[in-house]
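I opened the model today and went through it in a fixed order, from the whole chain down to one residue. My entries follow.

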Amino acid sequence: EEAVEVWLKLAVEAVAFFSAEEEKLPEASTTRVAVEMQLARVMSAVSTMDGYAGLQLSALLPGLGSAACRGTQRPQNRDLQLLLKACLWPEGSMERSSALASIRQSAASLAPLALLSQAMREWPAKRLTELVLVVLPEVFEESLVPTPQGLISGKSLDCLFSDSADLDGGNSFA
């Protein structure tokens with residue numbers, strides 16, 4: 001997983017670098033085109049991949065959020081892809097900020113429990129930890145969570161305990 005992630009991030013950065021340096025470096029254009037061709041091959045393979053591997057590749061590659069790709073994805077898969085993208089890129093990066101902004105825009109239709117359930121089945125522990133501890137808390141308040149009383153805004157959820165005895169069922173170890 002890490003090797004694929006590093007290679008794809010490096011390839012995306014290389015394309016951006018060579019695009020910016022084409023005037024200064026004569027071979028930059030040729031190199032950029034070669035890397036773009038490799039990325040295009042990976043992008044075409046992504047459409048046939050299921051599970052975490054396909055989700056990881058689509059979250060790391062630019063251009064897969066295009067209108068053509070969005071039309072073929074189920075909304076839950078798109079949300080899961082955006083959540084994974086936020087997990088894969090470092091805090092403060094443009095890619096992570098963009099993913100979180102997109103998630104927030106569709107937060108009313110976000111199903112955090114269903115997405116978490118799917119992630120628990122498919123994602124490696126490292127990504128799942130990032131999702132639970134860092135990414136979901138950033139968008140949870142804006143999402144709607146199903147409860148027995150109906151959909152409730154994440155910011156309206158609260159856990160009320162009258163005292164510490166409720167936490168351990170009255171079994172005190174003191």
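How much area does the protein expose, and what share do carbon and sulfur atoms supply? I read off about 10,500 Å², with carbon and sulfur atoms supplying 59% of it. Accessible areas come from the Shrake-Rupley method with a 1.4 Å probe, and for residues only the protein chains shown count as cover.

I note that this is a predicted model, in which local features need pLDDT of at least 70 and side-chain atom pairs count only at pLDDT 80 or more, while totals for chains, interfaces and linings use all residues. Residues are numbered from 1 along each chain as its sequence is written, and side-chain values use heavy atoms, with hydrogens and water left out.

Entry, overall. I looked up the elements and found 9 helices and 2 strands; these are DSSP runs numbered from the N terminus (helices H or I, at least four residues; strands E, at least two). From the N terminus, the order is α-α-α-α-α-α-α-α-β-β-α. Of the 174 residues, 34% are buried, meaning under 20% relative accessible area with a 1.4 Å probe, protein chains only. Among contacts (heavy atoms within 4.5 Å) with a separation of 6 or more, 59% join residues 24 or more positions apart.

Entry, H1. I checked the length of helix H1, residues 2-20. The expected span is 1.5 Å times one less than the number of residues, so its 19 residues should span 27 Å, and the end C-alpha atoms are indeed 27 Å apart. Its buried residues include Glu-5 and Lys-9 as well as Leu-8 and Phe-18.

Entry, H3. Helix H3 (residues 51-60) is mostly covered, with 8 of its 10 residues buried. Among them I listed Tyr-52, Gly-54, Gln-56 and Ser-58.

Entry, H6 and H8. I find helix H6 (residues 94-105) packed on helix H8 (residues 125-140) at about 55°, with the axes 9 Å apart. Axes are lines fitted to C-alpha atoms, for helices over the stretch in contact, and angles run from 0 to 180 degrees between N-to-C directions. The pair is therefore oblique, the class left after under 35 degrees (roughly parallel), over 145 (roughly antiparallel) and 65 to 115 (roughly perpendicular). On the H6 side, Arg-96, Leu-100, Ile-103 and Arg-104 make the contact; on H8, the residues include Glu-130 and Val-134.

Entry, Ser-153. This residue lies in strand E2 (residues 150-153). Ser-153 counts as buried because its relative accessibility is 19%. Leaving out residues up to four places away in sequence, Ser-153 touches Glu-141, Ser-143 and Leu-144. Its C-alpha atom is 8.5 Å from that of Phe-140, 13 residues away along the chain.

Key:
Buried means under 20% relative accessible area, exposed over 50%, partly exposed in between (1.4 Å probe, protein chains only).
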